[in-house]
Amino acid sequence: MSLRFDEAQLERARHILGAGPICDECLGRPFARVGRGLTNAERGQAMRASLSEPGKAGLCWVCGGLFDRAVAWADRAARRVVEIEFDTYLFGVRLSPRLEEMEAFFKERFPSDEGESLKHAFNRVVGKGFEARLEQSATVDFASPDVSFVIDLASDVLHVHIASVYVYGRYRKLARGIPQTKWPCRRCRGWGCASCGFTGKQYPESVEEWIAAPLLEVTGAEAALLHGAGREDIDARMLGDGRPFVLEVLAPRCRTLDLPRLRRDVNDRAAGKVEVSALSFVDRDAVALLKELHATKRYRALVEFGEPVSSERLDEALSALCGEIEQRTPQRVSHRRADRVRRRRLLSASGEVESARRAVLELEGEGGLYVKELISGDGGRTTPNLTDLLGICALVTELDVVEVRSDAFPDRTGSVDNGEALP
Ligand SMILES: [Zn+2]
Ligand SMILES: [Zn+2]
């Protein structure tokens, strides 16, 4: 250890040593940027040696011996993540009010522009101890660590947070009657009652559960959330290339996932109901991206009329329907959505009359357009609407979403890691 301090530094250290008993870490902290590859404790020792002054004996007046307990905290942290897979970590610390005060006082009395704060130094020392106790290797990540710890010194509690894993993909829903996400039972709100067979669920299955099941098994996670790029009605199918989603796996014990295999697992188990494709790893920002995007949707709707309708009359009405649509929140969702008027564009519409009172329509609209109401009129809450334009009652009896389109989806911008290369 060949550290050279200048006169001014030695003078400052002499003052610090004179203020009371101090540990090597705290003595070294004000000189943290002097000399490379050394610990603060080594700087503190070098300072005492240079001054030939051991300093006063006793508990450090600044940290109260906090650094002596760093090893114990590192141990506690390492024990909490046994059998949890991670590559990166981060420590944070909440000082007790007393330590906050002492640190503030220390910095004020012995200011330094080459120093390191108590929090910063402690986090780093605990992190090093933590790494030394692991059987695997791990590195600090300040931006998005796999596991993060917060040491709360006042309450002596160690908080551990395991970052979610985010898997992007597209799902097709091949059967009607399946909601996108798990719905709690309306009667018991999820607690379990006779009417839901004590499952706590309003519907026995959901797209979310079908996709999550194999991932929960593999990762040992307790929960996963499906974030969709919009959602179709329960009774509508989702066809075509499928709807983009991000599955967030909460607190996974394992993060190395074989996505091609998971895709096969989901598709085997949910055969005929749900099918996934284009699975890839994304970061959490992808969730917000999906929520913000107003993707264009294409629909196929089977429509029945109250009276016979000719092809010419249908074509005429459909071309008049295109353009801006004003929709008041539909009656069927008004119990869970605020009553307001929104405007969405119907971009194109065409129809094929199948029989006098039946037609298949292809409609393309901006995200958020309520298609059933566009056809029925919803008692005048949607204008214009097909029923008014025809002067004949029209009703959607089957609805399929056949495309959810946006150039900004991760699999369209090529900004994803598709996991195919994983061992
Ligand atoms: Zn100290
Ligand atoms: Zn219930």
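Rings of Phe, Tyr and Trp (for Trp the six-membered ring) are taken to pair if their centres lie within 6.5 Å, with planes under 30 degrees apart counted as stacked, over 60 as edge-to-face and the rest as tilted. The structure examined here is a predicted model, in which local features need pLDDT of at least 70 and side-chain atom pairs count only at pLDDT 80 or more, whereas totals for chains, interfaces and linings use all residues. Residues are numbered from 1 along each chain as its sequence is written, chains are lettered from A and ligands numbered from 1 in the order in which they are written, and side-chain values use heavy atoms, with hydrogens and water left out.

A search of the whole structure for such ring pairs yields 13 aromatic pairs. In one of them, the ring centres of Trp61 and Phe106 are 5.8 Å apart and the planes stand at 80 degrees, so this pair is edge-to-face. Trp61 belongs to the loop between α3 and α4 and Phe106 to helix α5 (residues 97-109), so the pair ties together parts that are 45 residues apart in sequence; helices (H or I, at least four residues) and strands (E, at least two) are DSSP runs, numbered from the N terminus. Both Trp61 and Phe106 are buried, where buried means under 20% relative accessible area, exposed over 50%, and partly exposed in between (1.4 Å probe, protein chains only). An edge-to-face pair is also formed by Phe67 and Phe122, with 6.0 Å from centre to centre and 75 degrees between the planes. Since Phe67 lies in the loop between α3 and α4 and Phe122 in helix α6 (residues 118-133), this pair ties together parts that are 55 residues apart in sequence, and both Phe67 and Phe122 are buried. In addition, Phe86, Tyr89, Phe91, Phe130 and Phe149 make up one aromatic cluster.

Two zinc sites were examined, with donors defined as N, O and S atoms within 2.8 Å of the metal (3.2 Å for Na, K and Ca); water is not among the atoms, so sites may look incomplete. For the zinc ion (ligand 1), the protein donors are the SG atoms of Cys23, Cys26, Cys60 and Cys63, which lie 2.2 to 2.3 Å from the ion. The four donor atoms around the zinc ion (ligand 1) subtend angles of 105 to 113 degrees, and the arrangement is therefore tetrahedral. Four donors count as tetrahedral if all angles lie between 85 and 135 degrees; four count as square planar and six as octahedral if opposite donors are over 155 degrees apart and all others between 65 and 115, and anything else is irregular. Along the sequence, the donor residues of the zinc ion (ligand 1) show the spacing C-x2-C-x33-C-x2-C. Cys26 is part of helix α2 (residues 24-28) and Cys60 of the loop between α3 (40-51) and α4 (70-80), so the pair ties together parts that are 34 residues apart in sequence. Cys26 and Cys60 are both buried.

The zinc ion (ligand 2) has as protein donors the SG atoms of Cys185, Cys188, Cys193 and Cys196, lying 2.3 Å from the ion, with the spacing C-x2-C-x4-C-x2-C along the chain. Angles of 100 to 113 degrees, subtended by the four donor atoms around the zinc ion (ligand 2), make this arrangement tetrahedral. Among these donors, Cys193 counts as buried at 14% relative accessibility, and Cys196 is buried with a relative accessible area of 10%.

A disulfide is a pair of cysteine sulfur atoms within 2.5 Å, and the structure holds zero disulfides. Cys322, at 28% relative accessibility, counts as partly exposed.

A nonpolar core is a set of buried Ala, Val, Leu, Ile, Met, Phe, Trp, Tyr and Cys residues joined through side-chain atoms within 4.5 Å. The largest such core has 62 residues, of which Ile211, Leu247, Leu257, Phe305, Leu361 and Leu386 touch the most other members. With neighbours within four places in sequence left aside, Ile211 is in contact (heavy atoms within 4.5 Å) with Tyr171, Leu226, Phe245, Leu247, Val266, Val274 and Val276. A second, separate core of 50 residues includes Val81, Phe110, Ala138 and Leu158.

Several backbone features complete the description. The peptide bond from Thr383 to Pro384 is cis, with omega near -10 degrees, and Pro384 is located in the loop between β13 (382-383) and α12 (386-390). Ser52, although not a glycine, has a positive phi of about 45 degrees; Ser52 is found in the loop between α3 and α4 and is exposed, with a relative accessible area of 64%. Asp378, likewise not a glycine, has a positive phi of about 50 degrees, but Asp378, in the loop between α11 (371-376) and β13, is buried, with a relative accessible area of 9%.
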